[in-house]
Amino acid sequence: MGNQSSHSQNGHSQRKGSESSMDAGTSALSGRTGSRKNSACLIKLFQKLELTADENNHHPGELTRTTFENAFHGPLHTFGKLLYKQMCSFHGTSDRERITKEQFVKSGKELLKMFDEPSQHKYYFKLFCDGKDYLNKEDGLQMVNVSYCLTLGSSSIKYTKSVNDDKVFESIVNGMFGPHEELCYDDFKKWTNHNLPHIYCGVHNWVYTILTGSKMPSEQETAPVPELEKFEQDKHLMSMGMVWSLSAVIPASYTHIDQKEEQSDFKNPLLTSFNLLMRIARLSRCQSWTSLYNSSEDGLSHNRFSNHVISYHGPTMTLLSFEGRNIYCIAEDTGWREGTHRFGGEDTMLLQITPVFRVVQASGPMVLWNEYSRDIRQGIHIGKDPKSLIIVIPSDFDKLEHYGVNCAINKIEVWGCGSTATKDKQIEQKQWEKKEAEKHKQRKLKLEQDWDENPDKQILNWGGIKTEHQYSQGGNF
């Protein structure tokens, strides 16, 4: 028995060793194949840039600084300059006015190998330091603006920026630097890992697309920026800069489409061919967000809030703007629900967006919404510890309490982050409730009309029981 067991374990170990060797061999082969493919793409790009270079390029096999920068400048016309210095510094020649094909291909291959975020953080932090060992606040603000701009580009969203976006970007710099004027890499890494871990994902996706001429594989893509349905810049509290900053920290459940749920809806026989085509067109890599509640348009009250968010059984983003230039975001991975127990799963987060960007709390349950029970204070309670709540919105919605201090509410918005099917189900539920209410109303009206002709009414009157009352006869009390 012992020998059999020993032989079995040895056989299992040999199989495991064999499988590991095969996996390692497969990985090495895949790596070599990828490296050759990347080299071919980089050489092709270099040759293309040579053809588009200015006529005064008298150095075959080299690109001028200007030609390189124009290829990578981006909408803000700054990234190309930084990337040129970074790629040349890899060879110790950052002050040269030309880059050779060999340098371009070698630097590009190193860049394309960076699929893990720690490597990206180190590379792009050094890039935005622009030759220094630290970021100053001006560098930090440029880094945030460029990262936002290139991320929109990699997500195929037109670049726009508003005053509200500038406030968000300043809040990110405030949170990142704190009271300091300079930021070293270790402090940057510590802050971003907690508050903005995917800050460079869109930048790297954009660079990857330029270098290879194709989109990054979806399984390697992280933190895409969702589009906002029916979004108007000055109409909403949410802004594109806010969406970008949130997408750089929130879990994938708020941005990635559940393809099974979306595609199952195609079997609906009530869908017209036009609707079907529209649904297929929406199957992008990233889930769009739809406005559920806007207090500026729908009214700031508990009833209006409840009417617009109830029955939406998907993740939501709730923005609270209140006194003191404060904007908070409640990222809820489940739909809003009333009760005496907190709700929210492991993807629930509470973030402060302005005046300082930071993650306040992560993971649920975090939110309690009590409408009816008298055993617990009525309203919305936000915070994991009921003894030290961060925000409380009383049921009358006339103010909120921020760490126990009363503050005037400016605006509340709720955005649905679920699939199209999730929103459709909410609409269907509301339509059903409306029909039921109409049926109840008609039934009640019919009973009142039939009572005048009911024989029971005459019998009661004969017995001396008065069946007509002042309110039913139009009299005064």
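Two strands count as paired if DSSP finds at least two bridges between them. With that in hand, let's work through two exercises on this predicted model.

**Exercise 1. Strands**

Task: Work out in which sense strand S14 and S15 pair, and place them in their sheet.

Solution:
- Start with the pair itself. S14 covers residues 400-402, and its pairing with S15 is antiparallel, over three bridges.
- Pick out a facing pair of residues: opposite His402 stands Val405 of S15.
- Now step back to the sheet. Five strands make up an open sheet, ordered S11-S12-S13-S14-S15, with antiparallel pairing.
- Find the edges. Strand S11 (367-370) and strand S15 (405-407) each pair on one side only, which makes them the edge strands.
- Finish with the twist: ignoring direction, neighbouring strands of this sheet are turned by 20 degrees against each other on average.

**Exercise 2. Helices**

Task: Describe how helix H5 and helix H8 cross, and say which residues make the contact.

Solution:
- Look at the axes first. Those of H5 (residues 117-129) and H8 (residues 185-195) come within 11 Å and cross at roughly 130 degrees.
- Classify the angle. Angles over 145 degrees would count as roughly antiparallel and 65 to 115 as roughly perpendicular; H5 and H8 are therefore oblique to each other.
- Add the hand: H5 and H8 make a right-handed crossing.
- List the contact residues. H5 supplies Pro118, His121, Lys122 and Phe125, while H8 supplies Tyr185, Phe188, Thr192 and Asn193.
- Sort these residues by character: four are nonpolar, three polar and one charged.

Note on methods. Residues are numbered from 1 along each chain as its sequence is written. This is a predicted model: local features need pLDDT of at least 70, side-chain atom pairs count only at pLDDT 80 or more; totals for chains, interfaces and linings use all residues. Side-chain values use heavy atoms; hydrogens and water are left out. Axes are lines fitted to C-alpha atoms, for helices over the stretch in contact, and angles run from 0 to 180 degrees between N-to-C directions. Helices (H or I, at least four residues) and strands (E, at least two) are DSSP runs, numbered from the N terminus. Angles under 35 degrees count as roughly parallel, over 145 as roughly antiparallel, 65 to 115 as roughly perpendicular and the rest as oblique. A crossing is left-handed if the near helix is turned anticlockwise from the far one by less than a right angle, and right-handed if clockwise. Contact means heavy atoms within 4.5 Å. Ala, Val, Leu, Ile, Met, Phe, Trp, Tyr, Cys and Pro count as nonpolar, Asp, Glu, Lys and Arg as charged, and the others, Gly among them, as polar.
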